[in-house]
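Let's take a walk through a protein chain together, starting inside and working outward to the whole. Keep the structure open beside you as you read.

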Amino acid sequence: MPAADAAGAAVIRLHAPSPMVARLATALSARGHALRSVRDAPSVAGGPAGHATGARRDPGLAHTFVFGPGEPAAAVADALWDAGPGDRVLVVGWIGTHRDARCAALRAAWELEERGRAAALPVLAVRLGPLVSRDSPLWHRLAAGPPAGRAARTVLHPALESDVVETLDRALRGRIDWSGWHELGGYEVFDLRELAALARAAAPAAGGEWEPGLDALAEQRLIEPGLWARWAGFEPASVRAGANAWAA
């Protein structure tokens with residue numbers, strides 16, 4: 001897979017990132033993007049507690065504010081207190097995000113997207129299938145076996161975490177369109193039993209956790225992965241081939 005060039009690296013502003021968002025941000029940092037916290041300076045008059053209105057900003061640079069699972073929607077306005085011209089918003093969630101979802105986490109993800117869209121800044125929302133990598137929490141959890149009962153038959157479009165990082169890198173560098181919402185899931189369809197079998201063959205250490213939770217996984221649906229490929233400008237790699245390579 002081609003790596004993005006060094007030009008156009010972004011300044012990424014994180015509010016209270018979930019472990020998943022923090023992991024993606026760390027991978028993007030390794031590609032040259034700068035990470036900043038919206039809580040890294042003392043408060044000043046006129047700003048929300050714990051925030052400053054200029055001390056944290058990189059002069060002359062636009063910032064990308066990133067929000068993800070578990071962050072309260074009300075945090076968006078707080079985090080965007082000192083947003084400036086050229087700034088933009090990235091919201092990371094899960095396939096199944098909807099205002100009428102049964103899972104509270106998916107409804108909260110919808111509200112997070114809506115608060116982002118109300119911020120009068122360019123907004124990109126990505127909804128992810130389960131992330132699979134040699135070190136992802138889900139992969140390690142699956143090594144212990146699938147969940148019991150009907151949950152094991154949940155049908156999913158998992159995505160290689162490296163492909164998601166590649167996509168976000170391209171978006172941050174302006175190589176693909178920064179607008180709308182996009183579902184990022186691979187071409188292959190698995191249920192959790194099949195994914196667990198692949199994980200056991202790759203033999204990662206058992207542990208990890210369901211990411212997202214089983215209630216959110218239950219509401220993931222079949223998607224059109226070709227839409228991701230056309231938007232991102234590359235073909236997502238095979239999850240099965242990746243898992244087989246980790247097992248070799």
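In this predicted model, helix H8, which spans residues 225–232, is largely enclosed by the rest of the structure, because 6 of its 8 residues are buried. Here, a residue counts as buried when its relative accessible area is under 20%. The buried residues of H8 are Pro-225, Gly-226, Trp-228, Ala-229, Trp-231 and Ala-232. What lies over them? The cover for these buried residues includes helix H5 along with three strands: E5 (123–128), E8 (159–160) and E9 (181–184). Just after H8 you will find Gly-233, which takes a positive phi of about 85 degrees.

Now let's follow H5, part of that cover, to another helix. H5 runs over residues 161–172, and its axis comes within 10 Å of the axis of helix H1, residues 19–30. The two axes cross at roughly 65 degrees, and the crossing is right-handed. Which residues meet there? From H1 come Arg-23, Leu-24, Ala-27 and Leu-28, while H5 brings Glu-161, Val-164, Val-165, Leu-168, Asp-169 and Leu-172. Sorted by class, this contact has 7 nonpolar residues, 3 charged ones and no polar ones.

Glu-161, one of the H5 residues in that contact, also leads us to Ser-133. Setting aside neighbours within four places in sequence, Ser-133 is in contact with Glu-161, Trp-139 and Trp-246. You can find Ser-133 in the loop between strand E6 (131–132) and helix H4. Is Ser-133 buried or exposed? Its relative accessibility is 16%, so Ser-133 counts as buried. The side chain of Ser-133 also reaches the backbone nitrogen of Ser-136, at 3.0 Å.

Continue into H4 itself, residues 137–142, and you will meet His-140. His-140 has a relative accessibility of 16%, and therefore counts as buried. Apart from neighbours within four places in sequence, His-140 is in contact with Arg-134 and Asp-135, and also with Pro-204, Ala-205, Ala-206, Gly-207 and Gly-208.

Finally, step back and look at the chain as a whole. Its secondary structure comes to 9 helices and 10 strands. Of its 248 residues, 52% count as buried. Take the contacts between residues at least 6 apart in sequence: 80% of them join residues at least 24 apart. On the outside, the chain exposes about 10600 Å², and carbon and sulfur atoms supply 55% of that area.

Technical notes: Residues are numbered from 1 along each chain as its sequence is written. This is a predicted model: local features need pLDDT of at least 70, side-chain atom pairs count only at pLDDT 80 or more; totals for chains, interfaces and linings use all residues. Side-chain values use heavy atoms; hydrogens and water are left out. Axes are lines fitted to C-alpha atoms, for helices over the stretch in contact, and angles run from 0 to 180 degrees between N-to-C directions. Helices (H or I, at least four residues) and strands (E, at least two) are DSSP runs, numbered from the N terminus. A crossing is left-handed if the near helix is turned anticlockwise from the far one by less than a right angle, and right-handed if clockwise. Contact means heavy atoms within 4.5 Å. Ala, Val, Leu, Ile, Met, Phe, Trp, Tyr, Cys and Pro count as nonpolar, Asp, Glu, Lys and Arg as charged, and the others, Gly among them, as polar. Buried means under 20% relative accessible area, exposed over 50%, partly exposed in between (1.4 Å probe, protein chains only). Accessible areas come from the Shrake-Rupley method with a 1.4 Å probe; for residues, only the protein chains shown count as cover. A polar contact is a pair of N or O atoms within 3.5 Å; within protein, one must be able to donate a hydrogen and the other to accept it, and residues adjacent in sequence count only if both atoms are side-chain atoms.
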